[in-house]
Amino acid sequence: MLIITRKPGEKIMLGDDVVIHVMEIVGNSVRVGIQAPRSLPVYREEIWDAVREENRAAASVAPDALPAPAPAA
Amino acid sequence: MSTVMTTFESTRFGTVELEPEAIVEFPAGLIGLGGTRYAVVATDPDAPFAWLHSLEEPGVALPVTNPWLHFADYAVELSDADTERVGASDDDQPAVWVTVRAASDLSGFSCNLRAPIVIWNGRGHQVINEAPDAPVRAPLFPEAATAPAA
């Protein structure tokens, strides 16, 4: 992991296309701006993690818990 | 029957028949699962559940349901970025599915109202719903949870 120190107003580049903008620090919160190409979705980590967990749980359903699609004729 | 059917192999279901319209490209995959080619495979047209089946990984299939069958007042609000990604205009009616977490009994079934899967023009995106009251684990059969044990 790369650990660097930035001040409000400074930025970080991820490759050529993604810009992380440290906007302001208020108390124990940091406001961050993210510029990324449209093809790159940006998520809050806890939401991404919760959705990944649900996707994995959905995909691990027991074979007989739900009806199967009609078999090929 | 005039449509050209194709088939794919599923470790779960064996050989499954597929209409070409059922194939969906997910440019960004499903969150945390990856893979870009899936198909929506219905059990039968009236069934409450369908399967979102990977066409790349024969073992990956997620049960999905139409959220409005269970939550009549469900709403999906997308960020500008997600709206642009989905590509549907206000007059369009993209298909919306939510993933289903199955359980050993109905009271444990839930669906993910927070991250619906929106399909338009053969392309799918799992998006973050910004509407309030869109939990990641919404009970599908709340009445089963409160019913007295038989």
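**Two chains and the helix between them**

Trainee: With 150 residues in chain B, what radius of gyration does the chain have, and how does that stand against a compact globule?
Mentor: The model is predicted, with local features requiring pLDDT of at least 70 and side-chain atom pairs counting only at pLDDT 80 or more, whereas totals for chains, interfaces and linings use all residues. Residues are numbered from 1 along each chain as its sequence is written, while chains are lettered from A and ligands numbered from 1 in the order in which they are written. The radius is taken over C-alpha atoms, and the globule rule is 2.2 Å times the number of residues to the power 0.38. For 150 residues a compact globule would come out near 15 Å, so chain B agrees with that expectation at 16 Å.

Trainee: What radius of gyration does chain A have, set beside a compact globule of its 73 residues?
Mentor: The C-alpha trace of chain A spans about 65 × 30 × 20 Å along its principal axes. A compact globule of 73 residues would have a radius of gyration near 11 Å, but the value for chain A is 20 Å.

Trainee: Among contacts in chain A between residues at least 6 apart in sequence, what share joins residues at least 24 apart?
Mentor: Two residues are in contact if their C-beta atoms, placed from the backbone, lie within 7 Å. In chain B, residues 24 or more positions apart account for 48% of the contacts with a separation of 6 or more. For chain A, the corresponding share among contacts at least 6 apart is 0%.

Trainee: Which pattern do the elements of chain A follow along the sequence?
Mentor: Helices (H or I, at least four residues) and strands (E, at least two) are DSSP runs, numbered from the N terminus. Chain A contains 1 helix and 3 strands, and in sequence order these follow β-β-β-α.

Trainee: Within what arc do the buried residues of H1(A) fall when seen down its axis?
Mentor: A residue is buried if 20 or more other C-beta atoms, placed from the backbone, lie within 10 Å of its own, exposed if 12 or fewer do, and partly exposed in between. In H1(A), the buried residues are A:Ala50, A:Val51, A:Glu54, A:Asn55, A:Ala58 and A:Ala59. Their directions from the helix axis to the C-beta atoms define the arc, and these residues line one face of the helix because they fall within 170°.

Trainee: Which residues are exposed on the other side of H1(A), and which strands of chain B do its buried residues pack against?
Mentor: On the other side of the helix, A:Glu45 and A:Glu46 are exposed. The buried residues pack against two strands of chain B, namely E6 (61-65) and E7 (95-101).

Trainee: How many residues of E6(B) are buried?
Mentor: Two strands pair if DSSP finds at least two bridges between them, and E6(B) pairs in the antiparallel sense with E5(B) over 5 bridges and with E7(B) over 2 bridges. B:Trp51 stands opposite B:Pro63 in E6(B), while B:Thr65 stands opposite B:Val98 in E7(B). E6(B) is largely enclosed by the rest of the structure, because the number of its 5 residues that are buried is 4.

Trainee: How many nonpolar residues lie on the side of chain A that touches chain B?
Mentor: Across the interface, 27 residues of chain A are in contact with 37 residues of chain B. Ala, Val, Leu, Ile, Met, Phe, Trp, Tyr, Cys and Pro count as nonpolar, Asp, Glu, Lys and Arg as charged, and the others, Gly among them, as polar. On that side of chain A, 2 residues are polar and 4 charged, and the nonpolar number is 21.
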